[in-house]
Amino acid sequence: MEYTDRRRRRQVLLLIFVLFVPSVFGQVSYSIPEEMEKGSLVCNLAQDLGLDFKRLKSGRARIHSGDLVEYIELNRERGVLLIKERIDRETLCGETTPCALHLQMLVENPIEMFRITVEITDINDNAPSFESNEKRFEISESAIIGSKFVLEKAIDADIGTNDLQGYSLSPANNFALKLENQADGSKKVEMILQKPLDREQQGQIALLLTAVDGGQPRMTGTMRITVNVLDVNDNAPVFTKSKYKATIKENSPRGTSVVTVSATDKDRGINGEITYAISNSVRRLTDLFQINRESGEVILIGEIDYEKTKLFQIDIEATDNGGLSDSSKILIDITDVNDNSPQLKVLSQSHSILEDSAENTVIAMLSVNDPDSERNGEVKCNMNEEIPFKIQDTMSGFYSLVTEMALDREVASQYNITVSCSDEGVPSLSSSVTLTLQISDVNDNAPVFERSSYEAYIVENNTPGLSIFTVKARDADWKQNARVSYILEDSSVNGVPVSSFVSVSADSGVIHAVRSFDYEQIKDFHFRVKAQDGGSPPLSSNVSVKILIQDQNDNPPQVLYPVQTGGSLVAEMVPRSADVGYLVSKVVAVDVDSGQNAWLSYKLQKATDRALFEVGLQNGEIRTIRQVSDKDAVKQRLAVIVEDNGQPSRSATVIVNVAVADSFPEVLSEFTDFPHDKEYNDNLTFYLVLALAVVSFLFITCLVVIISVKIYRWRQSRILYHSGLPVIPYYPPRYSDTLGTGTLPHVYNYEVCRTTDSRKSDCKFGTAGSQNVLIMDPSSTGTMQRIQSEKSILDEADSPLEVRNIY
């Protein structure tokens with residue numbers, strides 16, 4: 001109890017000694033005694049480092065020791081270091097001096113590190129002690145004065161002034177105490193005989209050996225010594241060497257022979273028999289080494305570690321049967337073996353970083369330690385290649401991972417950074433740690449369309465709201481920065497806003513038709529679509545879109561010639577002298593559709609005499625296919641069907657009336673019946689009554705008609721029969737055949753060649769004398785109207801050569 005009180009009083013009286021040592025890394029040193037109570041104040045760290053309490057909180061300041069047990073903790077609120085666990089200097093450091101805790105304080109945002117050294121000073125909390133409470137000697141009474149007897153050394157776990165300081169032996173009648181300093185700083189304790197022994201006077205002597213330390217107050221330890229006085233044995237054993245040296249590798253297996261010691265004794269017989277023993281009282285040595293009592297061989301029985309102890313000193317003793325002894329020592333050097341891999345520890349780490357972070361941004365702090373010595377403890381660290389990071393040696397044993405170049409999340413969104421550290425031992429040992437770093441996205445990429453421009457087709461007459469096609473843009477960014485919206489840019493098509501033609505889905509980019517398109521009105525149009533991401537600020541790009549309207553066969557052919565009228569009939573006249581291939585007329589039609597929908601073909605659907613006429617499939621020309629004979633009927637009716645090439649095809653039918661005759665009077669009576677064909681049978685009675693009503697009028701006009709016919713026949717005989725010219729049918733202005741396509745962009749030129757006199761060889765060119773077109777008016781039965789478009793050729797007999805074009 002008194003010992004405990006003294007110990008507590010010493011702890012209270014000890015003061016904390018603080019040294020502030022500035023360095024480029026921020027380093028402070030403190031000194032505290034061991035055995036301080038939990039929660040005791042070590043120092044005001046914030047004040048000593050000049051840090052604000054807010055900085056400690058915002059930077060999540062923490063203490064890193066690297067030890068299994070954390071003895072000291074940081075109070076961020078007060079900025080002080082406190083005792084977390086009771087510190088026993090002897091347990092922590094053993095014989096190592098000075099004893100210190102090496103701490104690192106890490107502060108983040110930005111990352112800073114401060115080195116803290118806390119020296120643990122010794123207090124006198126351990127009394128000297130002997131391994132054995134009692135020691136027995138068998139000493140012959142013939143032992144000479146000055147004989148030495150090695151005593152067990154006391155052990156004091158304290159150091160410095162608190163360590164073992166001296167011994168005392170009582171009573172001091174026969175023996176005196178001798179202390180000899182050792183190389184390791186300890187003292188060799190021997191008991192010297194200073195007065196001859198007399199077994200008959202005193203057969204047994206009791207002594208007390210006391211060990212005293214230098215603490216305040218002093219602490220002691222005792223051992224009882226019993227000396228049995230024996231009969232004469234006048235020679236003591238002597239070791240062959242005063243010091244033995246040996247070397248052994250750490251991690252050597254148990255049973256390894258370390259060294260063999262030897263001693264000699266001049267005595268004979270039983271008094272010359274020697275036994276060996278380890279006299280060192282250090283408990284851990286007897287746990288590691290064992291000596292053979294007969295042979296003196298020292299054997300390893302435990303595990304030795306260079307990192308814990310580099311040198312062992314073993315005191316040995318040789319004793320004969322007469323109780324005489326000699327002592328020596330063994331110095332064992334431990335050779336280091338590369339048996340420790342570098343120890344890596346992540347002190348601080350950033351789990352994510354923006355892709356636009358500046359170069360040399362710190363992403364992690366590492367500590368590396370290898371407890372081996374020399375080259376076995378020299379460590380080099382590197383990282384996996386082809387990543388934009390590098391490792392920097394911040395200070396001894398500490399490394400920083402920093403960015404080496406600009407990052408790009410679109411190239412790599414995550415990095416697995418493996419740091420490997422290897423020592424220089426043979427074979428080399430290494431260890432590694434892998435850090436995962438996420439690259440946070442920045443809106444640095446605009447949407448990009450899959451194509452530089454788009455072209456789409458839609459068939460006319462579509463349903464409004466029909467999906468035409470889809471534009472697609474991709475953004476290499478992530479999440480909101482990669483969310484693309486599609487916008488129809490303002491523009492116009494023929495003065496009409498493009499939004500009245502198409503619309504664009506903002507989310508999907510689907511383009512819909514707002515209206516139904518008509519190819520005949522608009523064949524194509526352009527507009528632009530903008531793709532915009534959801535970043536802040538947003539980035540965008542646009543693309544040109546062309547919509548082409550595809551034609552649909554929604555228009556039937558339109559017959560331009562011959563013109564179908566409801567009040568009169570048009571007939572083409574063919575002379576009976578017409579040869580094979582004679583051009584009777586031509587059906588002219590167009591189709592407002594395009595492509596194959598406008599490719600027209602002509603077919604003869606019905607005819608009075610199919611063996612007389614044919615229709616050109618592509619050009620619609622009606623020609624004779626045989627020689628006209630007198631047996632052929634004057635009235636010929638042809639039904640020509642015009643079809644386009646669409647799917648399905650559309651068609652139109654035209655009726656062509658042909659008169660086979662050499663003169664108009666010849667066909668007059670026949671053509672009065674044209675209106676009374678089968679298709680008009682229902683109105684037959686009406687026409688008969690009408691004919692009777694107007695017979696009087698026809699009689700009056702008949703004379704005029706006959707005179708006109710006579711004049712006409714006289715002129716026709718001059719032109720047609722004498723010159724051999726065929727009758728040229730009438731064609732509408734500016735329409736001509738283009739191989740049956742139905743469109744007539746070119747002009748038909750008809751040139752008529754005639755002679756002015758049969759007696760002259762001169763040839764003149766001019767327009768046709770007249771058009772052989774008969775227009776029959778159903779309401780004027782028996783009356784033929786003659787249309788003359790130009791003057792008689794006979795009136796221009798002496799005119800010069802003329803060339804005229806009929807369009």
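**Paired strands and paired rings**

In this predicted model, strand 29 runs antiparallel to strand 30 (residues 398-403), and six bridges join the two. Along this pairing, Ile391 sits across from Leu401 of strand 30. Strands like these are held to each other by backbone hydrogen bonds, and the pairing in a sheet can be either parallel or antiparallel.

Strands 29 and 30 belong to an open sheet of four strands, laid out in the order 25-27-30-29 with antiparallel pairing. Who ends up on the outside? Which strands stand at the edges of this sheet? Those are strand 25 (343-349) and strand 29 (389-395); each has a single partner strand, so one side of each has no neighbour in the sheet. The sheet is not flat-on from strand to strand, either: on average, neighbours are turned by 30° against each other, leaving direction aside.

Now for the aromatic rings. The structure contains 13 aromatic pairs. One of them brings together Phe137 and Phe149, with ring centres 5.9 Å apart and planes at 70°. Planes over 60 degrees apart count as edge-to-face, so that is the label this pair gets. Phe137 belongs to strand 9 (residues 134-140) and Phe149 to strand 10 (residues 148-150), so the pair links parts of the chain twelve residues apart. Are these two rings buried or exposed? Phe137 is buried, with a relative accessible area of 5%, and Phe149 is buried as well, at 0%; both values fall under the 20% cut-off, which is why they earn that word. Phe137 has company of another kind too: Lys135 lies over the face of its ring, 5.4 Å from the ring centre.

A second pair, Phe501 with Phe525, is tilted, with 5.2 Å from centre to centre and 45° between the planes. Phe501 comes from the loop between strand 39 (496-497) and strand 40 (502-504), while Phe525 is part of strand 42 (residues 524-532), so this pair ties together parts 24 residues apart in sequence. Both Phe501 and Phe525 are buried. What lies over the face of Phe501? That would be Arg515, at 4.2 Å from the ring centre.

Aromatic rings also gather in a group here: Phe449, Tyr454, Phe469 and Tyr486 make up one aromatic cluster.

Technical notes
Residues numbered from 1 in each chain as written. Predicted model: local features only at pLDDT ≥ 70, side-chain atom pairs only at ≥ 80, totals over all residues. Heavy atoms only, no water. Phe/Tyr/Trp six-rings, centres within 6.5 Å; stacked < 30°, edge-to-face > 60°. Buried < 20%, exposed > 50% of the residue type's maximum accessible area, 1.4 Å probe, protein only. Lys NZ or Arg CZ within 6 Å of the ring centre and 35° of its normal. Pairing = 2+ DSSP bridges. Axes fitted to C-alpha atoms, helices over the stretch in contact; angles between N-to-C directions.
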